[in-house]
Amino acid sequence: MMKCCQIRPHMPPLAWCLSCVVMLLAATVGNAQDKASSTTKNPTYKSLPPAGIAIDPARRDSLASRAQSLRSLLSKTQSAGDRAADAESSDVDWRPHVSVLIRAVDLALTQNLFFKPNQVDAADRLLNEAQRRLDAAASGDRGLRLLGWKPSRSDQPQPLVGGFVSRIDGTVQPFGIVVPAGFVDAADSQQDGHRMDVWLHGRGDTKTEIPFLIERMDKPGQALPRDAFVLHPFGRHCNAFKFAGETDVYEAIEAAERLVHIDTDRIAIRGFSMGGAGCWHFAVHDSTRWFAASPGAGFVDTLVYQGWGDQPPFELTPARRQLLNWYDVLPWAGNLRNTHVIAYSGEVDKQKQAADRVAQACEAMGFQWPYVIGAGMGHKIDPASMQQIESQLAKWADPTKQTESRLPPAKLDWTTHTLRYNRAGFLTVTGLQKHWDKSVVRTDWRTEDVDVPRLVINTDGVTAMQIDWDADSWAQIRSVVGRPMQVLIAEVDDRVMPLVDESSEPGFQASLWRTGGQWKQGQPNPGVLRKRPGLQGPIDDALTEKFVMVLPSRPAKHGPVQRWIDREIRTAQRRWREIMRGEMPVVQDTDVTDDMIRDCNLICFGDYGSNTVLRKISGRLPIGWNRDRISVGDRTFDASNHVAILCYPNPLNPDRYVVVNSGLTFRTFSNNSNSRQIAMLPDWAIGEIRPGFDDSILPAPIAAEGFFDESWQLAP
């Protein structure tokens with residue numbers, strides 16, 4: 001076995017399989033007590049975040065008063081320097097970098113989130129920093145200088161914190177960013193921009209906004225690559241950077257790019273523990289986005305990690321088994337071919353089994369990547385291993401070491417199970433034969449035995465896709481041909497096709513779709529409803545982009561149904577507040593505006609009579625619901641004790657979802673481990689209202705459930 005600065009050879013398949021069996025049995029035994037408590041009547045799960053400690057009332061009042069004063073001052077601040085800056089760059093707003101500090105204190109006060117006495121002083125410190133930033137903004141400071149970066153300290157890394165306004169719920173979410181030693185303002189004008197590593201943090205039930213911000217203000221962190229910025233997303237606390245936490249990572253990257261010139265070709269994804277789990281899923285879902293991925297000690301699935309085998313503490317229906325393909329890593333592991341990977345495990349860390357299994361899966365597919373094992377290490381990274389990882393990442397990031405090719409890179413071997421993850425380099429998949437089944441695209445250049453280079457594309461399970469070469473890449477292609485060229489020769493599933501540029505945008509863009517068993521250039525009929533990127537389900541997907549909760553203005557037809565709806569409204573709001581660290585935007589059904597319909601997914605609660613939005617569109621939804629019955633195809637359910645739960649393209653705006661009677665589908669059962677935070681309901685479900693039902697795992701006993709087909713119709 002190789003130690004900290006060595007790359008571990010993989011076990012032979014038989015030994016690996018036996019090892020996995022032993023680990024699985026051990027995990028099952030280790031989780032027996034947890035599993036038993038999960039199946040008992042009305043089990044108790046931890047609060048997330050946990051309750052805080054009592055603090056001195058006078059200090060509480062002082063903090064509340066200061067926060068209110070700063071909020072008022074922030075809302076009034078509009079200096080002449082600010083107007084000038086906004087005139088030059090109207091999309092850059094400095095206020096989130098101030099309000100994120102105030103909001104952290106507000107949340108701790110209103111949600112009882114002080115966990116240590118010294119966090120009261122920390123809250124004062126954040127408010128002091130908010131005041132400093134208000135003063136600095138009035139003086140014209142912007143960007144990194146507003147955050148506190150000091151040129152006089154450029155001989156050492158400088159950890160800073162900032163905030164951005166979430167496009168999902170409009171709340172201000174925090175992030176940390178470490179400015180590398182040696183950075184000066186003048187360097188930011190460099191043509192290629194700066195390397196940036198995204199570091200995903202580990203789980204900490206009490207690491208809410210104040211502890212996170214203080215840590216990111218004081219500690220540069222263990223990962224400190226030379227001449228590179230390090231971004232630390234908050235990621236909505238403890239959800240392993242999934243769902244809204246996933247969206248937040250991309251928004252934090254965008255926020256960093258507004259602060260400093262980042263080279264988009266040199267962004268790495270990294271993390272440890274819960275952050276390692278997040279790193280794995282970003283690496284396999286969006287493999288071409290990162291120049292490298294470096295996951296450490298992160299789980300890669302739910303069933304094995306929890307020690308459940310195929311018998312979790314809930315019924316593993318076919319739909320729930322398919323939904324595991326959303327965040328389980330192994331079904332996507334082949335995508336790691338499309339980036340650089342260097343993984344880490346401690347030699348005696350029980351989490352090592354996760355990276356071992358990914359390594360074995362990749363080896364079975366014919367490729368390997370460096371795997372660093374920390375000698376004698378448990379759940380931590382030793383300095384020698386970190387040094388080895390940093391050295392390897394630096395080599396991959398060095399632009400002078402990249403080989404120049406006459407043609408732009410086109411080699412892909414890419415898998416998806418859902419159009420939520422549909423981009424790989426120059427290729428975007430826009431249609432699948434069947435969601436949650438494995439779909440594959442393989443591409444490369446063919447230059448032998450042809451007069452003009454051909455783009456070869458082979459597909460399995462894909463029905464529509466788009467090609468997009470930027471101006472530089474298209475110029476490379478045309479230079480190889482040696483003459484003006486307006487078409488791209490493609491060989492799609494053995495059919496040779498000349499593709500014509502469809503767009504006036506720079507570069508080359510073309511769309512293809514499969515009809516009648518043949519590929520053709522063009523797009524499917526836009527007037528035909530179909531699953532497409534950003535509108536493919538399941539229910540939880542609607543809560544990863546901008547939404548508004550729509551409350552009913554009338555009572556439901558049946559008392560039990562209304563009581564269930566009232567409870568679910570409270571549950572959805574509470575879960576979003578606690579787990580996603582935000583506030584659900586809420587309106588009455590009678591107050592829904594055209595702008596909301598245009599811009600937002602509508603999360604509607606009620607039956608088809610009590611909610612005016614649902615009443616307006618009820619005849620255009622595939623599931624019927626009247627006073628007497630709920631109809632799903634040829635099946636009916638008693639409307640006095642059943643409810644419909646679903647997501648569907650909003651008939652008032654098919655570019656957005658309408659959701660009926662659901663917030664996040666993972667419930668308090670998931671608080672014990674972020675690996676349990678998985679989608680529990682597919683596109684639609686029928687819930688039975690049953691007195692005394694334990695709703696910690698599901699909102700109700702599920703009488704029926706399923707996915708809509710690719711045309712958003714009920715599947716047989």
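Over residues 247-396, the chain is 41% helix and 17% strand, with the end C-alpha atoms 26 Å apart; helices (H or I, at least four residues) and strands (E, at least two) are DSSP runs numbered from the N terminus. An unreviewed UniProt entry places the feature "domain: Peptidase S9 prolyl oligopeptidase catalytic" at these residues, 247-396; UniProt positions are given in the numbering used here, feature names are shortened, and annotations may be inferred rather than shown by experiment. The model is predicted: local features need pLDDT of at least 70, side-chain atom pairs count only at pLDDT 80 or more, and totals for chains, interfaces and linings use all residues. Residues are numbered from 1 along each chain as its sequence is written, and side-chain values use heavy atoms, leaving out hydrogens and water.

Helix H15 (residues 471-481) is a good place to look next. Its buried residues are Ser473, Trp474, Ile477 and Val481, where buried means under 20% relative accessible area, exposed over 50%, and partly exposed in between (1.4 Å probe, protein chains only). Seen down the axis of H15, these buried residues fall within an arc of 100 degrees, so they line one face of the helix; the arc is that of the directions from the helix axis to the C-beta atoms. An α-helix has 3.6 residues a turn, so residues three or four places apart point the same way. The buried residues of H15 pack against strands S13 (439-446), S15 (462-469), S16 (487-492) and S18 (508-515), contact meaning heavy atoms within 4.5 Å. At the N-terminal end of H15, aspartate 470 acts as a cap, with a side-chain oxygen 3.3 Å from the backbone nitrogen of aspartate 472.

Further along, 3 strands form an open antiparallel sheet in the order S23-S24-S25; two strands pair if DSSP finds at least two bridges between them. Strands S23 (623-625) and S25 (635-638) are the edges, each pairing on one side only. S23 and S24 (residues 629-632) are joined in the antiparallel sense over 3 bridges, and tryptophan 625 has isoleucine 630 in S24 as its bridge partner.

The loops hold some backbone details too. The peptide bond from leucine 48 to proline 49 is cis, with omega near -5 degrees, and proline 49 sits in the loop between helices H2 (32-39) and H3 (57-76). The bond from glycine 537 to proline 538 is also cis, with omega near 0 degrees. Histidine 237, in the loop between strand S4 (228-233) and helix H9 (244-259), has a positive phi near 85 degrees and is buried, with a relative accessible area of 2%.

Definitions and conventions:
Polar contact = N/O pair within 3.5 Å; in protein donor to acceptor, adjacent residues only side chain to side chain.
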